[in-house]
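This report covers a protein–DNA model. It takes up the two DNA strands, the symmetry of the chains, and the enclosed spaces.

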Number of protein chains: 2
Amino acid sequence: MQQEHGFNRIERAPAYRLVYDAIEREILAGRLRVGDPLPAEMQLAEQFGVNRSTVREGIRLLEQSGLVERDGGKRPRISLPHYLDLASSASRALILHSVTFRELWEASMVLEPAIAEDAARHANAAGLAELSANLAAMEASVVRFESGAEADVIEFVRLDRVFHEILATIAGNRVLALAHEPVISLFIPAGQLILPRLRTYRRVLEAHRHIFDCLNAKDHAKARLWMHKHMDDFRRAYEMTALSLDDPLDAVSLGVSLGGSAARDREKG
Amino acid sequence: MQQEHGFNRIERAPAYRLVYDAIEREILAGRLRVGDPLPAEMQLAEQFGVNRSTVREGIRLLEQSGLVERDGGKRPRISLPHYLDLASSASRALILHSVTFRELWEASMVLEPAIAEDAARHANAAGLAELSANLAAMEASVVRFESGAEADVIEFVRLDRVFHEILATIAGNRVLALAHEPVISLFIPAGQLILPRLRTYRRVLEAHRHIFDCLNAKDHAKARLWMHKHMDDFRRAYEMTALSLDDPLDAVSLGVSLGGSAARDREKG
DNA sequence: TATTTCAGATTGTCCGACAAACGGACAGTT
DNA sequence: AACTGTCCGTTTGTCGGACAATCTGAAATA
């Protein structure tokens, strides 16, 4: 099998992909502006010289990539890919790739303290108010636990997640926030496993309180430290259960959350 | 228009989306295994009781979300979303959201040193060999620059990127690697702007060399330090050009890379 | 002015059809 | 035995046309 010349792979992209590429290019170049409705399928079909079905398939690609958004029955509009959507694809990909909890935890040891530090630098009244409300809700939740009511772990864990997301917002770095999202959203299923066994609800709340205080005091070094400690607690808790740090996450999480369309249900505008 | 009862918004997801959800669920649950070819469109259409066109539209969604991969003409196969794909969507999203270079740089000040440190911990012969080859290629490139040849900045910047990607691979944390990808891929266009003006090619190469040496010596503290310095260099260079840290990236990068299908052209298997 | 009504436009879905490409079997050549 | 050419059933890519449901916007009405 001689191969003396080495031709380039001949590529024949299907028409629906060319449609996708063309429309994507128009959007990225700003010639189709965000918020505008997409041209009618028939019109696009004529312009591209292809059948309407082909255009539709191209639009599906745009739709899944987040560049086109349908508001329910209505005419689809051009939109920015919301990075929460990306984050949820990322979470799914990480699970499918059998990422271990250790990797997840190590990443969060990098990201969360940095976010806490930035948040302390940029804290403002609005953000602190949000955090405060979150802390109050979590306090109420913990009190309910301690009074013996059946534990609504789901709600507690949700509040936990929201706390960290508010922090990421306050920090004001969208690149870090984007990196942070998949991490926090994979922590959640783990938290749902750990907390009911160890019942360390109040410990989590106290950590959040300390971090909140640091933000209030604009003490970014201390904020970083407390967050570091908070994350390390999580690892210890994980180890205390029978779970191994180096097992892939799928078994843990797949059953818990990660429904196909779950990502789309969140969102508020 | 009275509304005294408050019904839940009735949601009728289009059929093609249901097809997408159903197949996605089968894949996530492992009933459709990665590598297998997708069932024939006709067969799916019969099973779901919808038309073949509808199935096709659903498959387009799967395709764009990376769960289905076509190898050119051939029968599409089920695949894991490769996170390089996700990273390129993330980059695009960040640009569309007008992220500033400051955000990017701050994120890289968090991620890159952490990666360098982990890489020094986990360095192995294979990884070091790859880095070594990369350094040699970059040395050759720099020599060409210094001998007055017209500067192939594109190639130099590509080598720069590859160096950092190898490092992320060596570090062995896929969560960090995923977070890292969009950052490095947005640095590239910036690098293409800065380097020709400042001509700091050799300085970049020296930084890489130092980091490589630290990996060889398994000195993770020093690896982190050198990377920190390397990143800080980049910011200084950015400031030295007329570019402001707080301008959004789009103007800088949109013209340079970020072609629609660029992400698909990379990849090697 | 506020509401209702109505016609046109647009999307979602279906049906049927055909060319091109693929996969594999089979035979022929060296 | 290895390579080439041919045939055929399967599957994808693309096309054309069709229709119901819904949305849009304007005209008609109260």
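A polar contact is a pair of N or O atoms within 3.5 Å; within protein, one must be able to donate a hydrogen and the other to accept it, and residues adjacent in sequence count only if both atoms are side-chain atoms. One such pair joins a polar backbone atom of B:E41 to a phosphate oxygen of DNA strand D, at 3.0 Å.

The model is predicted: local features need pLDDT of at least 70, side-chain atom pairs count only at pLDDT 80 or more, and totals for chains, interfaces and linings use all residues. Residues are numbered from 1 along each chain as its sequence is written, chains are lettered from A and ligands numbered from 1 in the order in which they are written, and side-chain values use heavy atoms, with hydrogens and water left out.

**Symmetry**

Chain A superposes on chain B by a rotation of 180° with 0.1 Å of shift along its axis, at an RMSD of 0.2 Å. The two copies are thus related as by a two-fold rotation axis. Both copies use the same surface: 100% of the contact residues of chain A recur in chain B. The fit is by least squares on the C-alpha atoms of residues with pLDDT of at least 70 in both copies. Contact means heavy atoms within 4.5 Å.

**The DNA strands**

A residue is near a strand if one of its heavy atoms lies within 4 Å of it. DNA strand C is surrounded by 19 residues, and the closest are A:R52, A:R56, B:A15, B:N51 and B:T54. Of the strand C atoms that come within 4 Å of the protein, sugar and phosphate account for 66%.

DNA strand D has 17 surrounding residues. Here the closest are A:A15, A:N51, A:T54, B:R52 and B:R60. Sugar or phosphate makes up 63% of the strand D atoms within 4 Å of the protein, and bases make up the rest.

Polar contacts to phosphate oxygens include these:

| Residue | Protein atom | DNA strand | Distance |
|---|---|---|---|
| A:E41 | backbone N or O | C | 3.1 Å |
| A:R60 | polar side-chain atom | C | 3.1 Å |
| B:N51 | backbone N or O | C | 2.8 Å |
| A:Y16 | polar backbone atom | D | 3.5 Å |
| B:R56 | side-chain N or O | D | 3.2 Å |

On the strand D side, α1 (15-28) and α3 of chain A, together with α3 of chain B, give two or more residues each to the surface. Near strand C, at least two residues each come from α3 (52-64) of chain A and from α1 (15-28) and α3 (52-64) of chain B. The largest share there, four residues, is from α3(B). Helices are DSSP runs (H or I, at least four residues), numbered from the N terminus.

By class, the surface near strand C has five nonpolar, five polar and nine charged residues. Near strand D the classes are five nonpolar, three polar and nine charged. Ala, Val, Leu, Ile, Met, Phe, Trp, Tyr, Cys and Pro count as nonpolar, Asp, Glu, Lys and Arg as charged, and the others, Gly among them, as polar.

**Pocket and cavity**

Both searches use a 1 Å grid over the protein atoms alone. A cavity is a set of points where a 1.4 Å probe fits but cannot get out; a pocket is an open set with protein on both sides within 12 Å along at least five of seven lines. Lining residues have an atom within 4 Å of a point. Points are joined across faces, edges and corners, and a volume is the space filled by probe spheres set on them.

The second largest pocket has a volume of about 640 Å³. Its lining has 25 residues, with A:M109, A:V110, A:R224, B:V110 and B:R224 nearest the centre. Helices α5 (101-122) and α10 (220-240) of both chain A and chain B each supply at least two of the lining residues. α5(B) gives the most, 10 residues. The lining divides into 11 nonpolar, four polar and 10 charged residues.

The whole structure holds three cavities of 30 Å³ or more. The largest cavity has a volume of about 180 Å³. It is lined by 17 residues, and A:A90, A:L178, A:P182, B:A90 and B:L178 lie nearest its centre. α8(A) provides the largest share of this lining, five residues. What classes make up the lining of the largest cavity? It has 17 nonpolar, no polar and no charged residues.
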